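Reader: I'm new to this, so could we go through a structure together? I'd like to know how the labels are earned.

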Amino acid sequence: MSLGENIAKVKANIEAAARAAGRDPGSITLVAATKTQTSDTIRAAIAAGITACGENRVQELTAHLDDDAYEGASLHFIGHLQTNKVKYVVGRVDLIHSVSSEKLLRAIDAQAEKIGVVQDILLEVNLAGEESKSGFSPNQVPEMASLAANMTHVNLRGLMCIPPRAQYLGENFRFFENLHQLAVDIRTKIVDNKTDNGILSMGMSDDYPDAIRAGATHIRVGTALFGPRPPLPGST
Ligand SMILES: *Cc1c(COP(=O)(O)O)cnc(C)c1O
């Protein structure tokens, strides 16, 4: 299938999952996970109706920005971010989904202050306690949410998770429900009277209908749009 057909199919699935859950399909943002894609493919995706792009790696982000490849879409950073690379990301993307440690949170706030911006962020939660994945454990989230809410140069917009890869539909629903519940639990902490903080970034190619059923506002989809990609070291 062509890119345009894949996009249409994913959008139709989003619409169906939203309607089945009694939700407005317009409340769900499809973030195209563009890792390993070329600038031309990204431009083609945007021309075919993609409105948000998510990058994993600083190197690819920088190269595509130099090419103006994201023109016409919002830009999200969704991959593991090293503290020493925040300067390449802060102020250049609309939302950082993957804030996974206190050290990184502080580095983002400091860099945002340095360049005079307020950076929108999400906290990444490691719901399954997987050793191989970064993110806060659920019981660390309230404290980190208060810390972020009190920072002057980050704006905490919500939570993100990357559960284990689903083998079948329905398998990850409980993780998505957990993230939703966690967001509800800390809402009093993350209400910091700046802006809307109801973002739930969850769901990928194999499980986004479950994420939508559990309240996702942002789904991050790569393979279902662009087809299988070659494995990359450090990618998920
Ligand atoms: C690659 C990636 C995705 C998309 O994964 P697919 O299974 O290809 O849809 C979503 N989120 C993150 C953080 C990713 O790295």
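Reader: How many nonpolar, polar and charged residues does the shell around the ligand have?

Author: By class, that shell has five nonpolar, five polar and four charged residues. Keep in mind that this is a predicted model.

Reader: What makes Ser205 a polar contact of the ligand?

Author: A polar contact is a pair of N or O atoms within 3.5 Å. An N or O atom in the side chain of Ser205 is 2.5 Å from an oxygen atom of the ligand, so the pair meets that cut-off. Arg220 has a polar side-chain atom 2.9 Å from a ligand nitrogen, and a backbone N or O atom of Gly222 is 2.8 Å from a ligand oxygen. The protein covers 100% of the 380 Å² of accessible area that the ligand has on its own.

Reader: How do you know that E1 and E8 pair?

Author: Pairing takes at least two bridges. Strand E1 (residues 29-33) and strand E8 (residues 218-221) have four, so they count as paired, and they run parallel. Leu30, for instance, has Ile219 as its bridge partner in E8.

Reader: And what makes E1 and E2 a pair?

Author: Three bridges join E1 to E2 (residues 52-55), also in the parallel sense, so the cut-off of at least two is met. There, Val31 stands opposite Ala52.

Reader: Why do the buried residues of H5 line one face of the helix?

Author: In H5 (residues 141-149), the buried ones are Val141, Met144, Ala145, Ala148 and Ala149. Seen down the axis of H5, they fall within an arc of 135°, so they line one face.

Technical notes
Residues are numbered from 1 along each chain as its sequence is written. This is a predicted model: local features need pLDDT of at least 70, side-chain atom pairs count only at pLDDT 80 or more; totals for chains, interfaces and linings use all residues. Side-chain values use heavy atoms; hydrogens and water are left out. Buried means under 20% relative accessible area, exposed over 50%, partly exposed in between (1.4 Å probe, protein chains only). The arc is that of the directions from the helix axis to the C-beta atoms. A polar contact is a pair of N or O atoms within 3.5 Å; within protein, one must be able to donate a hydrogen and the other to accept it, and residues adjacent in sequence count only if both atoms are side-chain atoms. Accessible areas come from the Shrake-Rupley method with a 1.4 Å probe; for residues, only the protein chains shown count as cover. Ala, Val, Leu, Ile, Met, Phe, Trp, Tyr, Cys and Pro count as nonpolar, Asp, Glu, Lys and Arg as charged, and the others, Gly among them, as polar.
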